[in-house]
Amino acid sequence: MMTRFILICMISLNAFGADQVLTFGELKVIFAKVDGIYVNRSCKSKKCEAYQKFMQFSKKSLPRDLLLGGKNPAAVRCKELMGGEVIIGKDHDGHEQSVCQFSDGSYLI
Amino acid sequence: MSYIVFFLLLMNMDLLADCKMSNGKTHISIADNSEVSLFESGKSLSTHKTQDQDGLGTCYANTTSAVLKSVIPGSPDVSYIHAALESSTNGWSQNWSDGKNQYVKNDGSELTYGGFFCDTIAAIKKAGGACPSKHSILENKELINSNVQLELMKNLGTYFDSVNKVKKDPAKLQKLKSNLAKVIDSVNLEKSKVIQSCEAEKRKDLPLKKALDDAIGLELINLDLSVPCDKFKAEKFQQILGAKSIITEDQIKLVIPPTLESEFELFLVNSKIKPELSAFLKKDQKEALNNSAFQQKLGSVVADFLNSKLKTPGKNASCPPGSPNGKIEVDPVDLGTSFYNGILLQKSDVCSAYSENAAIIEAVKNSNIHQCIPETQLDEMLNALAPMMKIGEALDQSLVNKMTNPLSQYGGQLKDLLLPGCSKKENLIDIKNLSCGSFSMCDQSQYIDLSNTTYTGPKGGCYDFGSARAIVRMKVFNNISSNRALGISVCTAFMDNPSARTNFCQTPVKGVDGHSLHEMTISGYRCKDGKIEYQLLNSWGKYQGCPVSDGDKNSAIECSLDKSGNRDGKFWVKEDVLVDSTNEISQLVNKASP
């Protein structure tokens, strides 16, 4: 029983620890929380496009037309304002999460 | 003094008051700080996976899929892509009769989005039933190439946008055509990659390959490359795996060399693990899941194998004092879990996933080809796929012929591509017995009502707030208590500004980002500090599903968290704020149920 408990804890820690892991096809990307947002782990220095574009555009309003159909505002902001590409990954349990991918290889949840 | 104590006690009693309500006939009491959610174990949404609609304007379809899951016996996962395609092609076809055939009000202005729940249900019924999401290429997210996924979503998003404008704007029509072609290109590219991959891998026992991939991947994810020994270990992995694999601080892409894979498999066979594994595979998975001894044994085998590969003779100078000397330890329990998941649960394996993926199989069958075909037959496959490339031409043709509903035929072809398993009616889930009803807070009689399922608000106006609140309450409590989720169409101003008041979306809110209609799912209710709150399931992914950024405050919203304290795509919202922002609420009832 104890072993099972440890195993469950380990699985949980791996899936939902401070760093988040999302899988995109063959690629696994590890995200770390920086100033309340998730960016890929090497972006912790805040020098990547993901962090800088977020700081620049996160509060900027989006035209209503772009959000029709209840689109994810973060996805629309990524494409329309930040110049990124949206890709959808899954976490360990199969829950979906879109992220914004930038030309310098950085990612923003 | 005693008065003060008595007063404080009274205050405290008030704070801890239960939530009580009545419509004159039914009386409900919810204990303070208690909650009811369909995500609780054993309830209808307990296995629901959070969706992210990305840039697709499909919120009504995402909600429809969640509500359908909660209502259909057995709670199957239902495709939202199917719901969206049916809604955008069949759902409105009755009105595609002349030049005005848009989503329109009677005054000719465009109908805003958000509240298409019952029309979507009607469209799904018309199609013959709901499509299980296992048939959806996009929703399975099992595509080998993430760029293909990206292209599909991007172009499909443009497709859904274009659906509404296709007759108004020739440039948009051209864009639709071009994006349809790109969607097809993307699918074809993926198919060819699958075939190439299967061709290369078919000699191997792929579950083992995937298990190894998972095992190493898990090991690497847990490394902290700023720690010398961990960095050394990562470098060793990189050395073993070769240049095609990527191992950096934040990205892991593993390409297992065939030699390593074969050796691994041979090792397992020689260790007599494989027969034992087979024995377990024949048993019920739940039984196997509970066998920790088996997991440990597997973990030890894999760990021993990896450690033998990573073993470095002599002392490693980069390791700090006290760390393992000359040998990199791999945790057997950690690896055992991964290995176990990789094999017994058969997750994510390239070819086996595709073998089980009816969507891909159907797509391949429809093209008269077979998976993992010899290279010599590749031409045959491409020839078989070629007709699909003519959809763009068909679109042109439809324009020439001035078809009343040009989308109906393309929608059908898109379905073949994206949901091939659901081209056959026997794969659809019958929903004939489901009865849909949308209850509007304001007069909706000016809207076209295709399905006669909208119960409009007062003529020429809206309900008073108290009546609207009573409607929402009773619908929510009645349905949630019967294990059924509901759809709710809201204007989104409250997500940015909790004090925004829109009078059931009748009043524009200035200065609020993206104040528009959005459909979500009501999945629970609770009583908090004597006030009712509702749980909303969004379709914007795990993190963005709760629309409040870290550091921002929104007194109306509390992000729902999973057991580990992470966001789970849902949020709680105060009743008064939600009701004020509600355009309509929809329920789906199984007429066959007692």
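Here are legends for a few close-ups of chain B, all taken from a predicted model.

**View 1. E584(B) and its polar partner S440(B).** E584(B) sits in strand β13 of chain B, which runs over residues 582-590. With a relative accessible area of 4%, E584(B) falls under the 20% cut-off, so this glutamate counts as buried. Its side chain makes a polar contact with the side chain of S440(B), at 3.2 Å.

**View 2. The salt bridge between K43(B) and E40(B).** Over all chains the structure holds 15 salt bridges, and here's one to look at. The closest N and O atoms of K43(B) and E40(B) are 3.0 Å apart. K43(B) is partly exposed, at 26% relative accessible area. E40(B) is partly exposed too, at 29%. Both labels follow because partly exposed covers values between 20% and 50%.

**View 3. K570(B) paired with D568(B).** Zoom in on the closest N and O atoms and you'll find them 3.1 Å apart, in a salt bridge. Is K570(B) buried or exposed? K570(B) has 6% relative accessibility, so it counts as buried. D568(B), at 12%, is buried as well.

**View 4. A salt-bridge network in chain B.** Which residues get joined up through shared salt-bridge partners? They're R526(B), K528(B), E533(B), E558(B) and K574(B), linked into one network. For a closer look within this group, pick R526(B) and E533(B): their side chains meet in a salt bridge, 2.7 Å from N to O. Both of these residues are buried.

How values were computed. Residues are numbered from 1 along each chain as its sequence is written. Chains are lettered from A and ligands numbered from 1 in the order in which they are written. This is a predicted model: local features need pLDDT of at least 70, side-chain atom pairs count only at pLDDT 80 or more; totals for chains, interfaces and linings use all residues. Side-chain values use heavy atoms; hydrogens and water are left out. Helices (H or I, at least four residues) and strands (E, at least two) are DSSP runs, numbered from the N terminus. Buried means under 20% relative accessible area, exposed over 50%, partly exposed in between (1.4 Å probe, protein chains only). A polar contact is a pair of N or O atoms within 3.5 Å; within protein, one must be able to donate a hydrogen and the other to accept it, and residues adjacent in sequence count only if both atoms are side-chain atoms. A salt bridge is a side-chain nitrogen of Lys or Arg within 4 Å of a carboxyl oxygen of Asp or Glu.
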